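Subject: The structure, with some notes

Hi there,

Here is the structure I promised to pass on. Please have it open while you read, and my notes follow below.

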Amino acid sequence: MVSINPSAETHLFDHTKIIVIKVGSSLLVDNDRNVINTVWLEGIASDIAALKDSGKNVVVVSSGAIVLGCRLLKIQNNNLKLKEKQAAAAAGQVLLAHAWMDALRTHQVQTAQILLSPDDTETRRKHINARTTMLALLQLGAVPVVNENDTVATAEIRFGDNDRLAA
């Protein structure tokens, strides 16, 4: 695990206002059991709390809903049809949001869930609404946990779009 030390001599984050942390499924989910890797999640939650304590705003872009949903719905996560991926995403998103909330709550950090589709970032009005919501959450001290809204995604779900959302 890579630990983020906001007081490191490099002062990497001195002039940074918002830090975006992109978390892929392979880090967050124990692939052998398809459950949250709680040890890793607790470690990153501690790092996020340290960043917040140093005055930084943090946004998390997190994958993992489909993998978690497959386990919950007892379906194999290989060669799924689009509708099965969407169903798994819907079921798994609840687990994913709760995992982040529980991990960060131990550090007195509030979380919020933001689900976005590509259209939400490409249509100006939707982009402004999403940005305004995110900025309001940051001003209120919460950590937005962002994920692609896989329940309405079509082609994007095949490749994932969280990297683009994080950027």
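K22 has V61 as its bridge partner in strand β4. This is a predicted model, so please read everything here in that light. The pairing of K22 and V61 belongs to a longer run: strand β1 (residues 18-23) and β4 are parallel and share six bridges. V61 also has a bridge partner in β6, namely V146. Strand β6 (residues 143-148) runs parallel to β4, and two bridges join them.

How enclosed is strand β4? Of the six residues in β4 (residues 57-62), five are buried, so the strand is largely enclosed by the rest of the structure.

Next, have a look at N162. This residue lies in helix α8 (residues 162-166). Is N162 buried or exposed? Its relative accessible area is 6%, and because the cut-off for buried is under 20%, N162 counts as buried. Leaving aside residues up to four places away in sequence, N162 touches K22, V61, S62, S63, N147 and E148. Two of those names, K22 and V61, are the bridge partners from the start of this note. There is also P118: N162 and P118 are 44 residues apart in sequence, while their C-alpha atoms are 9.8 Å apart in space.

Now to the charged side chains. Side chains of opposite charge can pair when their charged atoms come close. How many salt bridges does a search of the whole structure find? It finds three:

- D119 and K126 meet through their side chains, with 2.6 Å from N to O. D119 is partly exposed at 34% relative accessibility, and K126 is partly exposed at 38%.
- R33 pairs with D30, where the closest N and O atoms are 3.2 Å apart. R33 is exposed, with a relative accessible area of 53%, whereas D30 is partly exposed at 22%.
- D102 pairs with R105, and here the closest N and O atoms are 3.3 Å apart. Both residues lie in helix α4 (residues 82-105), three residues apart, which is about one turn of the helix. D102 is partly exposed at 39% relative accessibility, as is R105, with a relative accessible area of 46%.

If you would like a place to start, try V61 in the viewer: from there you can pick out K22, then V146 in β6, and then N162, which touches V61.

Happy to talk it over whenever suits you.

Best wishes

Conventions: Residues are numbered from 1 along each chain as its sequence is written. This is a predicted model: local features need pLDDT of at least 70, side-chain atom pairs count only at pLDDT 80 or more; totals for chains, interfaces and linings use all residues. Side-chain values use heavy atoms; hydrogens and water are left out. Helices (H or I, at least four residues) and strands (E, at least two) are DSSP runs, numbered from the N terminus. Buried means under 20% relative accessible area, exposed over 50%, partly exposed in between (1.4 Å probe, protein chains only). Contact means heavy atoms within 4.5 Å. A salt bridge is a side-chain nitrogen of Lys or Arg within 4 Å of a carboxyl oxygen of Asp or Glu. Two strands pair if DSSP finds at least two bridges between them.
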